[in-house]
Amino acid sequence: MLDMKWVRENQAALDEALKKRGAEPRAAHLIELDEARRSHTTKLQEAQTRRNSASKEIGKAKATGDEAAAKALMDEVAQIKSFIQNGEEEERRLNAALEEALSVVPNIPLDDVPVGQDEADNVLLHTHGEKPEFDFAPKEHFELGEQLKGMDFERAAKLAGSRFVVLKGQIARLERAIGQFMIDLHTQENGYNEVSPPLLVRDESLYGTGQLPKFSEDQFKTTDGYWMIPTAEVPLTNLVAGETLDVDALPIRVTGLTYCFRSEAGSAGRDVRGMLRQHQFQKCEMVSITDEDSSLEELERMRGCAEMVLQKLGLHYRVMTLCSGDMGFGARKTYDLEVWLPGQDAYREISSCSVCGDFQARRMMARYRVAGEKQLKFVHTLNGSGLAVGRCLIAVLENYQNADGSITIPDALRPYMGGLEKIG
């Protein structure tokens, strides 16, 4: 959520930033709501001040025997009391209206974010490795998985409908190996602390990280009011919600390997074959909580940690800086890692690493104190996939496939596969 003080002082900058995102201008509407709130608050304060002074005047009037003046003052106090009672309800309404309006305004892109409308305007940062060469036509992951009898989409549809898969045998083991490899790498080499969070959260948690209220259709909700997490970013970031931390405790770096659940609203017809876009998938998430001066450096560090996964797996990929129109709601800057899939003859996103500044912290009321300073500051939050397990499984299958349909196991995963060198 944006700081209303900043909005008042930077109306043109806000609308220009929203224009870069392809959003409508909001500054005038926010200022109007804020002015109504501030004006009403001033009237309430004046009424409370007058009530207090009138109450004192009643005592003086009675002391001098001026009952008429005392009666008039008592009537005035009664009217003021009624105004204050109704006014406090109106104040809550005006505060809620402003907060609701602010809650759907996206974050402000950093100055170095390229301006653009969609993924076609994203900018290449760098590539790593080389595309594998095959002396046969490489197959897509679902063809390989079904031939190896390790992917069953038909039975998954019978159980749960579309956008699910049943993994079996060594393919299921390979998915598990990839997830364990990721979490071990981030905890043992990259300095993250492992957390196993709840997979069900309350409204406040999704509001804190920005999925609510704007993106409720993208989530799954239970009948008793819980939400299934779309990403472990939600519970991991909200670990500091409502807390005031000492600056010496920062940065906090946590990671979790969890299932994630997304309704994929609006994605009808996209990636209907295979495992690319599913309702349920595993992801290893990285979250960092920093002070305001360290968040940009932390973004580069986080991107490096995500890249390390692909490098150790020997996968060719590229890093894209997302343009203003393609970034997520809460991000100020985002890098996407796109892995090469030879079966598709295309790059596909496998990780996004974003810095959110204090945008989420204001929603969560997560702050920190600096020794010797009276004013508290909002923490800065970052999140990144390290990586999406299912898409990494796809990448391993397609990049390590052989002419006979077998899959060579990357060296980094063999210890997690009991030394197995090939699935076939």
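Here are some exercises with worked solutions on the predicted model shown above.

**Exercise 1: the nonpolar cores**

Find which residues have the most contacts inside the largest nonpolar core, and which helix gives the most to it.

*Solution.* Start with the core itself: it has 54 residues, and Leu174, Ile178, Met182 and Leu393 are those with the most contacts inside it. Next, look for the main contributor, which is helix H7 (residues 169-188) with eight residues. Then take leucine 174 and set aside its neighbours within four places in sequence: the remaining contacts are Leu393, Val396, Leu397, Ile409, Leu413, Met417 and Ile423. Finally, turn to another core that lies apart from this one; it has 25 residues, including Leu18, Trp227, Val234 and Phe329.

**Exercise 2: cysteines and disulfides**

Work out how many disulfides the structure has, and then check cysteine 353 and cysteine 392 one by one.

*Solution.* A search of the whole structure gives zero disulfides. For cysteine 353, the nearest cysteine sulfur belongs to cysteine 305 and is 8.5 Å away. A disulfide needs the two sulfur atoms within 2.5 Å, so this distance rules one out. Cysteine 353 is buried, its relative accessible area being 0%. For cysteine 392, the nearest cysteine sulfur is that of cysteine 284, 10 Å away, and again there is no disulfide. Cysteine 392 also counts as buried, at 0% relative accessibility.

**Exercise 3: a sheet of three strands**

Determine the strand order of the open three-stranded sheet, and say which strands are at its edges.

*Solution.* Reading across the sheet, the order is S8-S14-S15, and the pairing is mixed. Strand S8 (244-246) and strand S15 (377-378) each pair on one side only, which makes them the edge strands. Now zoom in on one pairing: strand S14 (residues 367-369) meets S15 in the antiparallel sense, over two bridges. Arginine 367 has phenylalanine 378 of S15 as its bridge partner.

**Exercise 4: helix H4**

Compare the reach of helix H4 with its expected span, then find what its buried residues pack against.

*Solution.* Helix H4 (residues 67-103) has 37 residues. From its first C-alpha to its last it reaches 53 Å, close to the 54 Å expected at 1.5 Å a residue. Among its buried residues are Leu73, Val77, Ile80, Ile84 and Gly87, and further along Leu94 and Leu98. The buried residues of H4 pack against helix H1 (4-9), helix H3 (27-63), helix H8 (203-209) and helix H11 (359-364).

**Exercise 5: glutamate 307**

Decide whether glutamate 307 is buried or exposed, and name what it touches.

*Solution.* First place the residue: glutamate 307 is in helix H10 (residues 295-312). Its relative accessible area is 6%, so it is buried. Beyond residues up to four places away in sequence, glutamate 307 touches His126, Tyr317, Val319 and Leu337.

**Exercise 6: aromatic pairs**

Count the aromatic pairs and describe the one formed by phenylalanine 329 and phenylalanine 359.

*Solution.* There are five aromatic pairs in the structure. Phenylalanine 329 and phenylalanine 359 make an edge-to-face pair, 5.6 Å centre to centre with 75° between the planes. Phenylalanine 329 lies in the loop between strand S11 (317-321) and strand S12 (333-341) and phenylalanine 359 in helix H11, so the pair ties together parts 30 residues apart in sequence. Both of these phenylalanines are buried. Ring pairs also link Phe215, Phe329 and Phe359 into a cluster. For another pair, take tryptophan 340 and tyrosine 347: their ring centres are 5.0 Å apart and their planes at 65°, so this pair is edge-to-face. Tryptophan 340 and tyrosine 347 are both buried.

Technical notes. Residues numbered from 1 in each chain as written. Predicted model: local features only at pLDDT ≥ 70, side-chain atom pairs only at ≥ 80, totals over all residues. Heavy atoms only, no water. Core = buried A, V, L, I, M, F, W, Y, C linked by side-chain atoms within 4.5 Å. Buried < 20%, exposed > 50% of the residue type's maximum accessible area, 1.4 Å probe, protein only. Helix = DSSP H or I, 4+ residues; strand = E, 2+ residues; numbered from the N terminus. Contact = heavy atoms within 4.5 Å. Pairing = 2+ DSSP bridges. Expected span 1.5 Å × (residues − 1). Phe/Tyr/Trp six-rings, centres within 6.5 Å; stacked < 30°, edge-to-face > 60°.
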